[in-house]
Every structure is written in structure tokens, then in C-alpha cells.
Amino acid sequence: MYEVFEEFYAGYNANVHRGIHELSHEASLAYEAAHDRVAAFVGAEGGREEMVFTRNTTESINLVAHGLALPEFGPGDAIVTTEMEHHASLVTWQQVAERTGAELRFVRVTDDGHVDIEHAKSLIDDDVELVSVPHVSNVLGTVTPVRTFADLAHDAGAVLLVDGAQSAPTRPVDVTDLGADFFAFSGHKMAGPTGIGGLYGRKQLLEEMEPFLYGGEMIQHVTFDRSTWNGLPWKFEAGTPPIAEGIALGAAVDYLEDLGMDWVREHENRLAQYALERLAARDDVETYGPGPGEERTGLVSFNVDGVHGHDLSSLLNDRGIAVRAGDHCTQPLHDRLDVPGSVRASFYVYNTTEEIDRLLDAIDDAAAKLDAYLRSDRYADRLYEHHRNPHNSGGLADPSLVKSSEETACGDEGEFHVDIAPDGTIERLAFESESCAVSRAVASLITEYLEGRTLAEAAEMEGEVAAMLDGQFPDLRRDCVVGPEEVIREAAREYLDAEGTVEESPSAT
């Protein structure tokens, strides 16, 4: 990828479709050829006219929302999606439903991680205008039967959008065979750069849709009174496009095709099966999604008993193993699974079974390793003490104040309970938490610190926790340290503001 960028910026760095000079001409040809290669990669029969370059999968989905759904949908219409949606899809269709009055329906996910096709059949009726499904779940690894959804959507007169963020990099994709009307994907997941993605759209639909953005490049003719739009795909690529990134995406496609997408799929599935079989055999590990023996993409999500995902991620990071921990932009799906988050190990073309063995070895006796990790000189002794002997853990029976919020930027959930005396003094505090060990220890420390202080003092907290720990904690875990302080500070301010409003209200006499 670096070589592609170096070649562009050193050799023919110029805007596309803008100049009658050699550099612009060369850049334009390379950028257009990248559209051709990516279109062919996903099986777009209409070539470059059916391949719009965007920033990522999220923007691709939003393009459909703004170009098709928002102008056309209204009360009485329905959108069908699934319980395993990434926020890029879920939040977008929520907003469309809210703004248009359309109904949003969700296909259930079964306990073994599949979409419930019978439930889908009951939801997709003549009111449905759009069906949106992930080709592959980014948490469960489930491969969705897209063709089945295409047939259901088309029989109902609806269009089908496929979130291909996890499938375009991992398996052969033919949008025609899938029956997709739209197919969205991101370059950074398929050996390409960040800041580039694509939207396949059926030509007839793209021609009928309104542009998402306006400005240069996407126009054909402009007067003071009106404008007409450029042809496809440039109609949807306003302004100076991500030229180098687009060309690099074309190179990434060449790389994957040289490997062979059948080989990529088989390699990923083999690694996932290897990891899943060994994780599922452990009594202290729970895995999510289809079990061993079922084809899946190269990711496995799991939890280890007694060790929060963020803590496990830190332990693995110490051993040079990068995993993602949290809700993976699928909070409702984790609610459906009844877990606050999970650890996701993702494997790709460059990974080996030997690396999976290192992962498996690293999670052996994870609870003991976590204890040693928190007892190390990276953390203040005071934090470890509250980890081992937490204060005020559990809720209060009838608290004056309850604050539920994400405790860290990573998405942990927790709750503070506070009893407040008439003079504003904090009499008792308690906390309930499903967060990591670091955040739980900090929550304990905060409840100890605030007992006997005023709510006004809690509202002014700004860096007290870091000071109490003498700044002795890894910067990697800063959000886990400062998060609970932010929660209690916000709770105190909200309570004081509300009390002030009550006192000033003419009716409060």
C-alpha cells in the first residue's frame, strides 16, 4: 500500500477530471481503472457506473439512506433489518424511521447465532420498502443467507441492502448472484487503506436516486437558476475524491485476487474453527455464534469467566496480541446475548495457528494473571487494594440519586447510588458495575472519597482520582480510570441543576 501512495504522490499527484494536462490525465485514468477493478471484484455487471467510492461502509449506507429512503419513505412504509446489525446500519435506519414515520422491524437472532428465517418471512410483507442485512456478523461470524433475503425482499417489492464490511475481505462476492440491490464495504478491512470504501448499487436505482452531497465533480451543468448532475458514479462523488486511497483500493483488490478469494475464505474458516474448537472446550470460556463445524468468517468472540474483556485485552496486549474488547458497535446484539461485551479475536490472511496457540496460552489462568497485572508497579497500590477489597459494592435500597451510564469510553455499564442529606452532604454511596477491574476499583475509591463530602464537591471533581493514584496507571487504561469520575460528576451536576430548577419554579411552594 505504501508503494502505491508513494508512486501517486511522487509521480502523478493531481486532481482527477479537472485539468487538460498529463498529470491530471494519468491520475484520472488510474482512479477510473480502480473503479473498474473494484466493480469486477464484487461482480457488478454494470462496471464502474455501479461502483461509487465512499469513505467507508457507514457512508455507503448513509448514501442509500439520504438518496433513496429519506426522500421516498413515509408513514405506512417499513424497513426490515436484524438484531445483529452494526451501528452503522442500525442507527442509520433508526434515523430514517424517526424522520419519515416508517416502521423499523428486526429479524430475531437465534440462540445459536443465526437469523431466524421464519421470523423474517413474517416481517417482510408488502409494506416493506427496504431490507438491510449483514452478509457476515462482525461479532458472531455468522454468514447470512443473503439470497434468501433477496428473494423475500423482491417478492415484497422491496430493495435489499447488504452490509458487506465483513464479507468483501473474506470470501468471494458476486452481487448479482446474491441478488443485492446495494452492497456496502470498507477498504481498510480488505488490505486497503483507511478513508476509502465502496457502494455497489444497481444502475437503475442509482440513476433514480438523489445525490448525497453537492458541489464540484458531481455536476454536469450549472447556472444561477439550476444544476444538472454528472453521470454515474461521479454523481455521488462530490468534491476532490480520495484519489490515492481509491487507487490503493484497486491495488488491494488485485492483491486479494492474486491470493484467490476461495483460498482466503478457506484459510479464515480453518483458523476460526481451530480457535473455536479449543475455546469451546474450556469450562471457563463462553463463545458466541455458530459452533464448531459450521462455516464462519475468521473471527471468534468469547468471554473468560471472571475476567472483563478490557482487562483480558490488556493482558493480551502485554504479550503482543491485539484483540478488540467491548460491544464492537453492536450494543443491542450484546443485550440480546445478555453480556455487557465480548472479546473478539480476528484472523486474516497473514495469521497462523501458531499465533492462535499463543492466544490460547495467554488466557490460561487469566484471573491470576489479572491479579498480578494490577499488583504490578504500573498501578498505584491504592487501586490494587480497592480491587481486592472493594468498598460500597452493591446498590442502596432507596437512594436519593441513581446514575446509570457508560463508565468508560470503551462502553462499560455501571451505576452509582447516592443518599443525600437535606444539607447536601453525601451520607452513603454505593456502586453496581459490570465494568472492568480498573473501573470497579476506581468506583470503590470514589465512594470512599466522597462519603461525608457535599454533592457540590462531587460536581467539582476534576482529576481527583488521578491525583489519588499519583498518576500511576497505564495511559492505555486512562478511560477506565477517569470514566467513573466523569459519571459521578455528571450525576451531581444534573441533581443540583434539577434542585435549582425546583427552587426557582413558581409552582414549587
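Across the interface of domain 1 and domain 2, 15 residue pairs are in polar contact, both partners being at pLDDT 80 or more. The side of domain 1 that touches domain 2 is made up of 12 nonpolar, 11 polar and 6 charged residues. The structure is a predicted model.

**Domains and their interface**

The domain assignment divides the protein chain into domain 1 (48–239), domain 2 (261–373) and domain 3 (383–501). In the contact between the first two of these, domain 1 supplies 29 residues and domain 2 supplies 27 residues. Their C-alpha centres are 29 Å apart. About 2,100 Å² of area is buried between domain 1 and domain 2, and carbon and sulfur atoms give 56% of that area. On the domain 1 side, the residues that lose the most area to domain 2 are His87, Val139 and Leu140, which together account for 27% of what that side buries.

**Salt bridges**

Between domain 1 and domain 2 there are 3 salt bridges. The count of salt bridges by this rule comes to 31. Two of the pairs are listed here with their N to O distances.

| Salt bridge | N to O distance |
|---|---|
| Arg336 and Glu83 | 3.4 Å |
| Arg55 and Glu59 | 2.6 Å |

Side chains of opposite charge can pair when their charged atoms come close. In the pair of Arg55 and Glu59, the closest N and O atoms are 2.6 Å apart. Is Arg55 buried or exposed? Arg55 is exposed, because its relative accessible area is 53% and the exposed class begins over 50%. Its partner Glu59 has a relative accessible area of 15%, which is under the 20% limit, so Glu59 is buried.

**Nonpolar cores**

In soluble globular proteins, nonpolar side chains tend to be buried together. The largest nonpolar core in this model has 64 residues. Within this core, the residues with the most contacts are Val42, Val131, Phe149, Leu160, Phe183, Phe185 and Met190. Both domain 1 (48–239) and domain 2 (261–373) contribute at least three residues each to this core.

Which residues does Met190 touch, leaving aside those up to four places away in sequence? Met190 is in contact with Phe41, Ala168, Pro169, Phe185, Leu249, Ala252, Val253, Leu256 and Tyr348. Of these, Phe185 is also listed among the core residues with the most contacts.

A second core, separate from the one that holds Met190, has 63 residues. Among its members are Leu316, Leu370, Tyr384 and Val487.

Technical notes
Residues are numbered from 1 along each chain as its sequence is written. This is a predicted model: local features need pLDDT of at least 70, side-chain atom pairs count only at pLDDT 80 or more; totals for chains, interfaces and linings use all residues. Side-chain values use heavy atoms; hydrogens and water are left out. Domain bounds come from an automatic or database domain assignment. Contact means heavy atoms within 4.5 Å. Buried area is the accessible area (1.4 Å probe) that two parts lose on being put together, summed over both. A salt bridge is a side-chain nitrogen of Lys or Arg within 4 Å of a carboxyl oxygen of Asp or Glu. A polar contact is a pair of N or O atoms within 3.5 Å; within protein, one must be able to donate a hydrogen and the other to accept it, and residues adjacent in sequence count only if both atoms are side-chain atoms. Ala, Val, Leu, Ile, Met, Phe, Trp, Tyr, Cys and Pro count as nonpolar, Asp, Glu, Lys and Arg as charged, and the others, Gly among them, as polar. A nonpolar core is a set of buried Ala, Val, Leu, Ile, Met, Phe, Trp, Tyr and Cys residues joined through side-chain atoms within 4.5 Å. Buried means under 20% relative accessible area, exposed over 50%, partly exposed in between (1.4 Å probe, protein chains only).
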